[in-house]
Amino acid sequence: MLAVNYTELRGNMKKCMDKVSDDFETLIVTRKKNKNIVMISEETYNNMMENMHLMGNETNYKWLMESKRQLEEGLCQVQELIEVHADE
C-alpha cells in the first residue's frame, strides 16, 4: 500500500496511476481533515465487487466453502473435455 498527498499525486499522476494499474498497488491519497481517498485499479475493484457479491449471499458462501472443503480433501475428479466445433 502506498500513500501520497494530493500535491504529490497531482505532480506524478501518470506514475501513480501506472503503479496502481500495473503493479496492483493500493494508493491512499492523504488530504486535510482526514478526508483520504483510496485509489485502486478497475480490475481490483471488479474483483472486489464480485467477491463481495459471492460471499455476501449465505447460500453462495456455504456452497463455496463446501466446494473448497471437497477440493482440500481430494474429493474431486479430473475430466478430459471434448472439444466441439460449431460447424459439426
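**Strand pairing and the surroundings of Ser-41**

Reader: In strand 2, which residue is the bridge partner of Ala-3?

Author: The model is predicted, with local features taken at pLDDT of at least 70, side-chain atom pairs at 80 or more, and totals for chains, interfaces and linings from all residues. Residues are numbered from 1 along each chain, and side-chain values use heavy atoms, without hydrogens or water. Strand 1 (residues 2–5) runs parallel to strand 2 in their pairing, which spans 4 bridges; strands are DSSP runs (E) of at least two residues, helices (H or I) of at least four, numbered from the N terminus. Within strand 2, Ala-3 is bridged to Ile-28.

Reader: Which residue of strand 3 is the bridge partner of Ile-28?

Author: Strand 2 also pairs with strand 3 (residues 37–39), here in the antiparallel sense and over 3 bridges; pairing requires at least two DSSP bridges. Ile-28, bridged to Ala-3, has as its partner in strand 3 Val-38.

Reader: In the hairpin of strand 2 and strand 3, which turn residue has a positive phi?

Author: The two strands of this hairpin are joined through 6 residues lying between them. A positive phi of about 60° occurs in that turn, at Lys-33.

Reader: Which strands stand at the edges of the sheet?

Author: The sheet is open and contains 3 strands in the order 1-2-3, with mixed pairing. Strand 1 pairs with strand 2 in parallel, whereas strand 2 and strand 3 are antiparallel. Each edge strand has a single partner, so one of its sides has no neighbour in the sheet; these are strand 1 and strand 3.

Reader: Which residues make up the uncovered face of strand 2?

Author: Strand 2 covers residues 27–30 and presents two faces. Leu-27 and Val-29 belong to the covered face. The uncovered face consists of Ile-28 and Thr-30.

Reader: Is Ser-41 buried or exposed, and what is its relative accessible area?

Author: Ser-41 is located in the loop that links strand 3 to helix 3. The relevant classes of relative accessible area are buried (under 20%), exposed (over 50%) and partly exposed in between, with a 1.4 Å probe and protein chains only. Ser-41 therefore counts as buried, its relative accessible area being 8%.

Reader: Leaving aside neighbours within four places in sequence, with which residues is Ser-41 in contact?

Author: Contact is taken as heavy atoms within 4.5 Å. Although Ser-41 sits in the loop before helix 3 and after strand 3, its contacts, with neighbours within four places in sequence left aside, are to Val-20, Ser-21 and Phe-24.
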